[in-house]
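Please open the structure in a viewer and keep the sequence alongside. The tour below goes from one selection to the next and says what is found at each stop.

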Amino acid sequence: MTLTKTLMIFAAAGFLAACDTGTGGGMASGGGMANNGGIDASTIRDANLTGKLESAVMNGNTVVYSYFTDVISDGKVLEGADAYCGGPGQAVIQLTRGEKNGRGFNSMAFTCR
């Protein structure tokens, strides 16, 4: 369990560092979701997340969803993570709360049980 959490923390930290350097074309830079290289459609198996995530990426067996909290709630993102993993309670998450441009901006890194 400790190794899994450590890997998720490193994946989330690496992802957040990439966001800070402007490697993606997210909504804040005017790119919009459709042009954002940070949306890997294969990581989304819940239609409620489509068009609401700022980024969805996979690194090894860890998936990271990043999102503005005024667009979608943590609970809905957790439901999407569970859907990706096959059902309720199947996602092991690491939630990182933050702020971007004065708005709540969270990242949820997860692996499946």
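The stops run from the whole chain to helix α2, then to the core, the salt bridges, the disulfide and a loop glycine.

**Whole chain**

Start with everything shown as a cartoon, and bear in mind that this is a predicted model. The secondary structure amounts to 2 helices and 5 strands, arranged along the sequence as α-β-β-α-β-β-β. Switch to a surface: the accessible area of the chain is about 6,000 Å², and carbon and sulfur atoms make up 53% of that area. The chain has 113 residues, and 37% of them count as buried. Among contacts with a separation of 6 or more, 48% join residues 24 or more positions apart.

**Helix α2**

Select residues 74-85, which form helix α2. Check the length with a distance between the end C-alpha atoms: they are 16 Å apart, and this agrees with the 16 Å that 12 residues should span at 1.5 Å a residue.

Next, colour the buried residues of α2, which are D74, V77, G80, A81, D82, Y84 and C85. These buried residues pack against β1 (55-59), β2, β3 and β5. At the end of the helix, select G86, which follows α2 and has a positive phi, near 110 degrees.

**Nonpolar core**

Show the side chains of L49, L53, Y65, V77 and F110. In the largest nonpolar core, which has 15 residues, these touch the most other members. Which elements give two or more residues to this core? They are β2, α2 and β5. The largest share, 4 residues, is that of α2.

**Salt bridges**

Side chains of opposite charge can pair when their charged atoms come close. There are 3 salt bridges to visit in the whole structure.

Go to D70 and R103, whose closest N and O atoms are 2.9 Å apart. D70 sits in the loop between β2 (62-68) and α2, while R103 belongs to strand β5, so this salt bridge ties together parts that are 33 residues apart in sequence. D70 is exposed, at 54% relative accessible area, whereas R103 is partly exposed at 31%.

Then select D74 and R97, which form a salt bridge with an N to O distance of 2.7 Å. This pair links distant parts of the chain, 23 residues apart: D74 is in helix α2, and R97 is in the loop between β3 (91-96) and β4 (99-100). Are the two partners buried or exposed? D74 counts as buried because its relative accessibility is 18%, under the 20% limit. R97 counts as exposed at 59%.

Remain on α2 for K76 and E79, a salt bridge with an N to O distance of 3.7 Å. Both residues lie in the helix, 3 residues apart, which is about one turn. An α-helix has 3.6 residues a turn, so residues three or four places apart point the same way. K76 is partly exposed at 39% relative accessible area, and E79 is also partly exposed, at 42%.

**Disulfide**

Show the sulfur atoms of C85 and C112, which form a disulfide. The structure holds 1 disulfide, and its sulfur atoms are 2.0 Å apart. C85 is in helix α2 and C112 in strand β5 (residues 103-112), so the disulfide ties together parts that are 27 residues apart in sequence.

Use the viewer's torsion tool on the S-S bond: the angle is about -75 degrees, so the disulfide of C85 and C112 is left-handed. C85 counts as buried, with 16% relative accessibility, and C112 is partly exposed at 35%.

**A loop glycine**

Finish at G51, in the loop between α1 (2-20) and β1. G51 is exposed, with a relative accessible area of 55%. Add I39 to the selection: its C-alpha atom is 9.5 Å from that of G51, and the two residues are 12 residues apart along the chain.

**Looking back**

Select α2 once more to put the stops together. Helix α2 holds D74, a partner of R97 in a salt bridge, as well as the K76 and E79 pair. Helix α2 also holds C85, a partner of C112 in strand β5, and gives the largest share of the nonpolar core.

Definitions and conventions:
Residues numbered from 1 in each chain as written. Predicted model: local features only at pLDDT ≥ 70, side-chain atom pairs only at ≥ 80, totals over all residues. Heavy atoms only, no water. Disulfide = S-S within 2.5 Å. Buried < 20%, exposed > 50% of the residue type's maximum accessible area, 1.4 Å probe, protein only. Contact = heavy atoms within 4.5 Å. Areas by Shrake-Rupley, 256 points an atom, 1.4 Å probe, with all protein chains shown as cover. Salt bridge = Lys/Arg side-chain N within 4 Å of Asp/Glu carboxyl O. Core = buried A, V, L, I, M, F, W, Y, C linked by side-chain atoms within 4.5 Å. Expected span 1.5 Å × (residues − 1).
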